[in-house]
Amino acid sequence: MATFNVNNVNDGNIQTVSINHRRGAPRRMVSPDRYIHREISVVVFIGLALFTAGIHCFIVGAYTVHRVSRIIGAHILFAAVFYVFGWRCYIHPYYWSELRHIPTVPGCPIWGQFFDIITEECGVPQRRWHHQYGPYIRYFFPFGAERLSIAGEEGLRHMTQRNPYNYPKPVRAKKWMERILGEGVLLAEGETHALQRKALAPAFSGPGIRALTPVFWEKAVLMSKVWKESFERQNKKVLSVEVLDWLNRCTLDIIGKAGFGYEINSLTERNNNVRRAYQLVFNFSPSARIQHGVQAFWPVTKHLPTQMNRDVEEARSIIIDKAMEILNARLNEAENNRGGKDILTLIARENKNIKASGEEGLSFDEMRDQVMTFLGAGHDTTATAVTWALHLLAQHPEVQEKLREEIRKHFLFLFEEATRNDPKNWYHDPHKLPYLEKVCRESLRFIPPIPMTVRQTVTDDQIGPYFIPKGTVIYMLANVTNRLKDFWGPTADEFNPDRWDELPDTAQGHAYFTFLAGPRSCIGRKFAETEMKILLCALLSKYEFYPNFEWEDPEEHKMWRLVLRPLEGVHLHAKILEN
Ligand code: HEM
């Protein structure tokens, strides 16, 4: 096993790593003989396999008089065992791999660190390993499959900003996501991605999002009103509310109207079809969890006739039908300037301009896939973000109270029934509240809704001091960087909105990784931040939130499927405020 002594000296943006490895120092330059190296590795493997098979043949032949087929069978078996356990699990990772100089998490490469990864919260084992071994680490999936995780400023900047198109999402991961999210901007790569991003950018600019503010207020106020009616029907002042489901409904309605000028109405229709589709996708039964895990490696298993596959197919067809319905209803008017201020209208107009200038623009199918992408990426993420924020506010009543006071000071209209429900007041800018800004940032740092992203190199590259060959799978984990003590200091694991008043010098650049960075960063960041703030204002001005101890702590049961969500939702006691 390799031994490492990693000194991670963080000097501003410069990180030095010194490593003692039994095979010598890390390579600093892109290796000129890299192609030869790979070819040699194949030759060496075949040679070794034949050599061992030959020895074996000699021994078997010398001591038995059995048929030739048995001897050949034994040799193939022997060669296969040697390949899997000798070559892949031992010789290749420790003596041949071009990644062998990267600090490696100790363990047996036959099953690697796989069990830590699948049994713990997404990103938590890597957080531990990065604290121990520095900003670049290598670990193993079963049978010596190498994985890298990068959590230092230099490496993250390289992958997200300097050379982002060398690091697309792996094809297998995309195939898995594509069923529900369509082949929109989230999954496009290279030039296609740049083109789509250009067509979408104006819709997500500051003025574009400001124009949507009334929709955020309308739906946020509506949700709190629907709750209040339920309280009144039950004649209660305090009720237990599962906030994740409600927030999912609310953000779905918001993306429907703000995104496409279309009313989904999932807040008012309990059995809404679109909401049901996403519920089917996020089924966390043990068998669905196993099948989703298997499918990420072998997409072909999506054709097996299991309940989970039937559910996903049903969800997919509901989502595709809805995306087509929205486009058919809205595209024509949007292109001809008769639409409203929604994102689809702006995209359609921009697309028309792009086509008029002779460039390719988006086809109808591409537009449909964008609608699928925004429906999925645009609602579940923010709903999860607000859910975790409410959970943390219930855990920290002093922060909740301070925030409520700030909301009262700036948005008094929210504390009176008549003014609260008056659309004339639904223009207020939530970005003017400094404490709200800190609470949202801290909550998004502390529990990032998208805890990780995975990439695979398309050509050889150099990241920091290391040579990274084509095809290497690399993880970037917000759930690591957002909590790394190297960035955030010794209080990294505490929820404290006031930390944003005086951040350590090290907490700059890519330390806050919730929305990624560079051309692949979240295009909906401003949309999400505005929506999250408005939802918190609307809820905290009407209700006080307390933990519900009848349910286990949701932080102990986080599940990852694209988004880091509480397995059983978040159940909070909500008490109507006496104003
Ligand atoms: C708090 C809420 C949100 C968080 C934490 C979040 C986070 C992220 C992250 C980390 C990525 C990069 C994913 C990757 O490349 O693997 C991403 C991409 C994306 N997000 Fe968000 N997101 C949020 C809300 C939204 C909203 C509301 C929308 C749309 C209205 C949206 C639309 C997108 C799109 C289209 C991409 C793909 C961008 C590209 O590849 O160019 N997101 N988001």
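The following paragraphs describe the domains, sheets and helix packing of a predicted model.

The domain assignment divides the protein into three parts: domain 1 covers residues 37–95, domain 2 covers 105–181 together with 455–513, and domain 3 covers 182–450 together with 514–576. Between domain 1 and domain 3, the distance from one C-alpha centre to the other is 55 Å. An unreviewed UniProt entry lists residues 42–65 and 71–91 under "transmembrane region". In the model, the stretch 71–91 is 100% helix and 0% strand, with its end C-alpha atoms 26 Å apart.

One open sheet consists of four strands in the order S3-S4-S9-S6, and its pairing is mixed. The edge positions are taken by strand S3 (136–141) and strand S6 (452–456); each has a single partner strand, so one side of each is left without a neighbour in the sheet. On average, and with direction ignored, neighbouring strands of this sheet are turned by 30° against each other. Six bridges connect S3 with strand S4 (residues 145–150), and this pairing is antiparallel. Within it, Tyr139 has Arg147 of S4 as its bridge partner.

Two helices lie across strands of this sheet. Helix H4, formed by residues 124–133, lies across S3, S4 and strand S9 (473–477), and runs at about 135° to S3. Helix H5, formed by residues 153–162, lies across S3, S4, S6 and S9, and its direction is at about 100° to S4.

A further open sheet is built from three strands in the order S5-S13-S10, with antiparallel pairing. Here strand S5 (238–242) and strand S10 (543–547) are the edge strands; since each has a single partner strand, one side of each is left without a neighbour in the sheet. From one strand to the next, the twist averages 35°. S5 and strand S13 (residues 571–576) run antiparallel and are joined by five bridges. Val238 is bridged to Lys575 in S13. Helix H16 (residues 380–395) packs on this sheet, where H16 touches S10 and S13, and the direction of H16 makes about 80° with that of S10.

H16 also packs against helix H22 (residues 525–540): the two axes come within 10 Å and cross at roughly 45°. This angle makes H16 oblique to H22. The crossing in which H16 passes H22 is right-handed. On the H16 side the contact is made by Thr381, Thr382, Ala385, Val386 and Ala389, and on the H22 side by Ala528, Glu531, Met532, Leu535 and Leu536.

Strand S11 (residues 558–561) and strand S12 (residues 563–566) run antiparallel and are joined by four bridges. Lys558 has Pro566 of S12 as its bridge partner. The two strands form a hairpin with one residue between them, and Leu562 takes a positive phi near 65° in this hairpin.

Two other helix pairs were examined. Helix H9 (residues 213–233) and helix H10 (residues 243–260) have axes that come within 9 Å and cross at roughly 150°. H9 is therefore roughly antiparallel to H10, as angles over 145 degrees are counted in that class. H9 passes H10 in a right-handed crossing. Val215, Phe216, Lys219, Ala220 and Met223 of H9 make the contact with Trp246, Cys250, Asp253, Ile254, Lys257 and Ala258 of H10.

In the other pair, helix H13 (residues 307–335) and helix H14 (residues 343–356) pack with their axes 8 Å apart, at an angle of about 55°. That angle makes H13 oblique to H14. The crossing of H13 and H14 is right-handed. The residues that make the contact are Arg330, Leu331, Ala334 and Glu335 in H13, and Leu344, Thr345, Ala348, Arg349 and Lys352 in H14.

How values were computed:
Residues numbered from 1 in each chain as written. Predicted model: local features only at pLDDT ≥ 70, side-chain atom pairs only at ≥ 80, totals over all residues. Domains from an automatic or database assignment. UniProt positions renumbered as here; feature names shortened; annotations may be inferred. Pairing = 2+ DSSP bridges. Axes fitted to C-alpha atoms, helices over the stretch in contact; angles between N-to-C directions. Contact = placed C-beta atoms within 7 Å. Parallel < 35°, antiparallel > 145°, perpendicular 65-115°, else oblique. Left-handed = near helix turned anticlockwise from the far one by under 90°.
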